[in-house]
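Grab a viewer and work through these exercises at your own pace. Each one has a task and then a step-by-step solution.

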Amino acid sequence: MSNLERNFENKREFAVEEKREQLNDFLESMSLQLKAEGMPVGNDCRVDMGAFEGAYSPEVIKKDEEMIEKYRKEWYGSSAESGVGNPGEDLEMLKSAIFYKNLKKDFVVLRSSAYDDIKNGADNIIIERSTGNVVCALDEVEDTAGKVYEKKKETVLNRNIERNGVSLKYGLAFEKAGDKMKLKFGAMKGLPIFYLALPESHVEEGIKNFDPSEESSDYEKKLFSYFIASLNSQIRALELNPRHLDSKLKERLEAFKHCLKKIPI
């Protein structure tokens, strides 16, 4: 690599890192808004497992946190490392911010707990504000073709058809309490799960074009339209197997399908 090429590469990496910091800052701002609504999340917008002491004993939560620490050490070499800069983590943060910007009026968009991310393969949970129901969970893959993508596609489809969707240990939903909606903590089952696929180069481009304000850049708008089209396509694929779908999952699927129709893209 020539000096000119090396200088160009260094400038590109610096620009991406600077935009990644803006994305992190946006997630922190997003977390403050979610906390103001009573959502138990950390600065990274992940569901805070410590808020579930009413649903689980401190011992159970501590054991799950130790599992997470062990996982992080094995994958990142240090418990302090969070995976920032990893394409999977970048995509998870980017799609969380994009969905929040576009859906916050009608939905609460959260990153799932670290436990459910690792053990149950759910990166995000989406709660419909009008009903309080969790309508779906999201997973991600950094490919749109090839063996990894095809395996993810098949795995997610089979989870919905053969395993009644995804379960969350640290689930959140709203339930009616008089005239208000009260937050409910605990395990959840029968959630439709969808994958969102985006190649690493597009993830990087999304970060480079991320608007740190509440507005969406043109590239973010394109990504959001692409994500919604992918979700609609996966819903149609599941509808080809109606007899094999659990009744609760089918109900959530229909509700989410109805919601997607109302989203302007």
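Before you start: this is a predicted model, where local features need pLDDT of at least 70 and side-chain atom pairs count only at pLDDT 80 or more, while totals for chains, interfaces and linings use all residues. Residues are numbered from 1 along each chain as its sequence is written, and side-chain values use heavy atoms, with hydrogens and water left out.

**Exercise 1. A serine and its partners**

Task: Find out which backbone oxygen lies 2.3 Å from a polar atom of the Ser-112 side chain, and work out whether Ser-112 is buried or exposed.

Solution.
- Step 1: locate the residue. Ser-112 sits in the loop between β1 (107–111) and α4 (114–120). Helices (H or I, at least four residues) and strands (E, at least two) are DSSP runs, numbered from the N terminus.
- Step 2: check the accessibility. With a relative accessible area of 1%, Ser-112 is buried. The cut-offs are under 20% relative accessible area for buried, over 50% for exposed and partly exposed in between, using a 1.4 Å probe and protein chains only.
- Step 3: list the contacts, meaning heavy atoms within 4.5 Å. Skipping residues up to four places away in sequence, Ser-112 touches Arg-46, Val-47, Asp-117, Ala-122, Asp-123 and Asn-124.
- Step 4: pick the oxygen. The one at 2.3 Å from the serine side chain belongs to Ala-122.

**Exercise 2. Hunting for disulfides**

Task: Decide how many disulfides the whole structure holds, and explain why Cys-45 has no bonded partner.

Solution.
- Step 1: set the criterion. A disulfide here is a pair of cysteine sulfur atoms within 2.5 Å.
- Step 2: run the search. Zero turn up in the whole structure.
- Step 3: look at Cys-45. Its closest cysteine sulfur, in Cys-136, is 17 Å away, so that is too far for a bond.
- Step 4: try Cys-259. Cys-259 is in no disulfide either, as the nearest cysteine sulfur, again that of Cys-136, is 9.3 Å away.
- Step 5: compare burial. Cys-45 is buried at 0% relative accessibility, and Cys-259 is buried at 4%.
- Step 6: glance at the backbone. Cys-45, in the loop between α1 (3–36) and α2 (58–76), has a positive phi of about 70° although it is not a glycine. For context, most residues other than glycine have a negative phi.

**Exercise 3. Building the sheet**

Task: Work out in which order the four strands of the open sheet are arranged, and which strands are its edges.

Solution.
- Step 1: start with β3 (residues 134–141). Eight of its eight residues are buried, so β3 is largely enclosed by the rest of the structure.
- Step 2: pair β3 with β2 (residues 124–128). The two run antiparallel over four bridges; strands count as paired if DSSP finds at least two bridges between them. Ile-126 stands opposite Cys-136 of β3.
- Step 3: inspect the turn. β2 and β3 make a hairpin with five residues between them, and Gly-132 in the turn has a positive phi of about 85°.
- Step 4: pair β3 with β6 (residues 193–197). This pairing is parallel, over five bridges. Leu-138 is matched with Phe-194 of β6, and Asp-139 with Tyr-195.
- Step 5: assemble. The order is β1-β2-β3-β6, with mixed pairing. The edges are β1 and β6, each pairing on one side only.

**Exercise 4. Two helices on the sheet**

Task: Find out at what angle the axes of α3 and α7 cross, and which residues make the contact.

Solution.
- Step 1: place the helices. α3 (residues 87–103) lies across β1, β2, β3 and β6, at about 165° to β1. α7 (residues 218–239) lies across β3 and β6, at about 135° to β6.
- Step 2: fix the geometry. Axes are lines fitted to C-alpha atoms, for helices over the stretch in contact, and angles run from 0 to 180 degrees between N-to-C directions.
- Step 3: read off the values. The α3 and α7 axes come within 10 Å and cross at roughly 90°.
- Step 4: classify. α3 and α7 are therefore roughly perpendicular, given bins of under 35 degrees for roughly parallel, over 145 for roughly antiparallel, 65 to 115 for roughly perpendicular and oblique for the rest.
- Step 5: name residues. Among those in the contact are Leu-91, Leu-94 and Ile-98 of α3, and Leu-223, Phe-224 and Phe-227 of α7.

Notes: Polar contact = N/O pair within 3.5 Å; in protein donor to acceptor, adjacent residues only side chain to side chain.
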